[in-house]
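The following exercises are to be worked with the sequence and the coordinates at hand. Each task is followed by a solution in steps.

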Amino acid sequence: MHAEHILIVEDEPVVALDLQQTLVELGHRVCGIRSNFTQALTAVSQLEPSLILMDIHLDGAEDGIDACQAIYQRWKLPVIFLTAYADDKTVQRAIASKPFGYVMKPFGAKELAAVIQVARSRHDAEVALEKSEERLAIALEAADLGIWEWEEQLDTVKGDERFYRMWDSALSPFQANLLTMLERIHPDDRSNVQQALTRSDVFNCSFRALRSSGDYAWLEMVGKLHVGHARKQTVIGALRDITVRKLAEENLRQASVVFSTTAEGIMILDEDGKVCSVNPALTRLTGYPQEEILGFYPNEILLARRDNDPTYQDIAVMPEAYWSGEVACKCKDGRLFPALQHICVVRDESGKAKQYVHAISDISFIREAQRQLAHLAYHDPLTGLGNRYLLDQRLETEIQQTLNAENHFAVIFVDLDEFKSINDTMGHHVGDRVIQEAAMRIVRQIRRHDEAIRLGGDEFVVIVSNLHHPSEGLLVAEKILKSFTEPVVIEDHHFVIGASIGVAKFPGDGTTSHEILSAADSAMYEAKRCGKGKICAYSSNLSDKSGTRLNIEQHLYGAVERNEFELFYQPIIDLTDFRLIGFEALLRWNHPDSGLLEPGQFVHIAEELGLIDSIGNWVVAEALKQLNCWNEVGQGQLFMAVNVSAGQFKNEQFSRQIQDALDAYQLPPHLLEIEITEAMLQDFHLSRKVVNSLREMGVRVAIDDFGAGYSSIALLKHLPVSRIKIDRSFVIALPGAERDLGMVAAIMQMAKSLDLDVTAEGIETAEQARILSELGCQTIQGYYFGHPMGAYDYSNGWISLGMGKNYFLPRPGR
């Protein structure tokens, strides 16, 4: 028998002492004797007994029943009541205080021993149950489980606080039943839950429950159906919120799909940096199957790590635990490709690096695109030769190397002689082919370390490096010029393009890249001035004779505003009576360094620079201004022919600009004649639109240099032009052979059938004028009747027209 540490609470000393004697004999120890309520509570607090024998009737306001309730509530100690008598009311009070025994006085030792043993057993059971319940509560709280129960007979769902919290107020503790619970379950999951509730064994099911926010939470329910008396069904179980777990599983599934399907090659490395897993993309990128990579360090097989790249251990101690950089990746077949690598650290709960995720992306296409962009930045897309940017860099490099090595290099400036007429006549697609052929011929004549540059249009520059003697540059220039003697064959057409070449040397002809290039440019213009198809070496006096392209480009900007342009006028004569009927306005540029330049020397450059519209508008306005001056005080009404460039003609605002100029001087539109070339007719739809627009406003349109191009005859019947001007190459041959005469006669006959006026250009003799008159040509112009001159240069206002004819014009004011 277990010995108890007993406190006696008895107000009769004799009974207390007798009770003490009996307890000692039974093997128990009495820790104290007290006689009232207050003493009893104080003794329990101080003496810590394991059991109390309590007399119901005690001295004072509170009796033993009051003491029993206070002791059990505070200390949960077992109390056995002792009493000599007990009425029904007292007995009911005693039972309500939940004593552990009830002994009537007098009592025997055996009876007391039995009561104490029963009290001890009950108390031990209650303590064990309380601890068990406490452990269960802790376990439920730790597992975040909500306990629930459903009774079929009452159709009620009961649960603890956690159970209702998981339903997010969707279920009421006072009104919850099976129907209301099922209504909160997602329709797709509801039937599974209903089936689970009918199973006889333990069930486990997951489902989505609607929250008050409108979102669904994932819940996991476990339980078991119990069938009791009269087949009464009860389900008892637990509920857990698994939303976070489900999201994690979904993220894991997504990560798994990404890992398996991404185009990036991914390696998972262990904490030592060895490969423990790879995805299919890595195999596709490198050709290595997984089994040939596992267990190796990436640098052993795949990656050419650079010395300054961080190790995995270095990355692990970085604050961001992440690093990115470029690396060369080696494939199984030995091929290398540039790769962008991303390395991130996977840490455990303690923050220690446990794994590394190493991803690589093939960036070959990026590097190739960058290479192509770099090439395009420094090369001409049509020919593949270097461009102006490369020219500047290469010249600076050659100057430094030449100064250090004390040798020479030459700059050869090449300009194609007949390209413009080919491009205007045959169209840009043929012109591009000619440029490409010219580039190939130049490249074939130079050495591997020399550099060929397309400067723009039909101009090329060649840098001939590492020369032992300055004259060697001329030898290369002669080879290039000779290569142009062979005809160019394009679309069954044969062209002999020719070239004018200027050569400058360094050192000697300049000290900077700009000076040496300008020197070669000046030499080229001198070669062209001397008759084309020639080579000219630079000399210091050339800068005073010819404006270079660079010089022209520099001075073209603002030339209109500085009043550097001037119009020259060539008379147009009615051949029937040698009467002056008009003028052709011809543009000249008073270049501040190079003197008077003709349009062929700068118009194509103005078009490339986007300046042709402003220059063209000035020409039209100035020509009409002068015409208005002459017509106001002159004899009769003269007309003015004005040439326009291709770039000006293609401007969408061209017709509007012509109309504005006519309005400004209140001139009749038929007194203005716009001259275009056959090359402008290649884009038939555009040219027809512009010509129609000019004719509708009353302006006449003439085709200049007719016969020098091709396909114009077929287009004439569809274009409302008013005049053709026979190219001087046909006129200058007259009187010539019958064939020359026949060609002019054919043009005249064609013009007559199309009801077109005809002007012949380049008349230099009276005989040519006579022949053209006999052929029916109405109007002519040429040196025989006067060279182009400025308006002020018509001295005394009289124009000598030949054949004894003169015409008076008022002298214009300066």
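**Exercise 1.** Determine which residue with positive phi follows helix α27, and establish how the buried residues of α27 are arranged about its axis.

*Solution.* The model is a predicted one.
Step 1. The residue in question is D755, which follows α27 and has a positive phi near 60 degrees.
Step 2. Helix α27 spans residues 738-753, 16 residues in total. From first C-alpha to last it reaches 22 Å, close to the 22 Å expected at 1.5 Å a residue.
Step 3. The buried residues in α27 are V744, I747, M748, M750 and A751.
Step 4. Viewed down the axis of α27, these buried residues fall within an arc of 160 degrees, so they line one face of the helix. An α-helix has 3.6 residues a turn, so residues three or four places apart point the same way.
Step 5. On the face turned away from the buried side, α27 carries the exposed residues E738, R739, Q749, K752 and S753.

**Exercise 2.** Classify the geometry of the ring pairs F565 with F602 and F578 with F785, and locate each partner in the chain.

*Solution.* Step 1. The structure holds 16 aromatic pairs. In the pair of F565 and F602, the ring centres are 5.8 Å apart and the planes stand at 40 degrees, so the pair is tilted. The tilted class lies between the limits of 30 degrees for stacked and 60 for edge-to-face.
Step 2. F565 belongs to strand β24 (residues 565-574), whereas F602 lies in the loop between β26 (595-597) and α20 (603-609). The pair links distant parts of the chain, 37 residues apart.
Step 3. F565 and F602 are both buried, and together with W589 and W618 they form one aromatic cluster.
Step 4. For F578 and F785, a centre distance of 5.8 Å and a plane angle of 40 degrees are found, so this pair is tilted.
Step 5. F578 is in the loop between β24 and β25 (579-591), and F785 is in the loop between β32 (779-780) and β33 (789-790), so the pair ties together parts 207 residues apart in sequence.
Step 6. Buried means under 20% relative accessible area. F578, at 15%, is therefore buried, and F785, at 2%, counts as buried.

**Exercise 3.** Is H379 buried or exposed, and which residues does H379 touch?

*Solution.* Step 1. H379 is placed in the loop between α13 (364-378) and α14 (388-405).
Step 2. With a relative accessible area of 18%, H379 is buried.
Step 3. Leaving aside residues up to four places away in sequence, H379 touches G384, L385, G386, N387 and L390.

Definitions and conventions: Residues numbered from 1 in each chain as written. Predicted model: local features only at pLDDT ≥ 70, side-chain atom pairs only at ≥ 80, totals over all residues. Heavy atoms only, no water. Phe/Tyr/Trp six-rings, centres within 6.5 Å; stacked < 30°, edge-to-face > 60°. Helix = DSSP H or I, 4+ residues; strand = E, 2+ residues; numbered from the N terminus. Buried < 20%, exposed > 50% of the residue type's maximum accessible area, 1.4 Å probe, protein only. Contact = heavy atoms within 4.5 Å. Expected span 1.5 Å × (residues − 1). Arc of directions from axis to C-beta.
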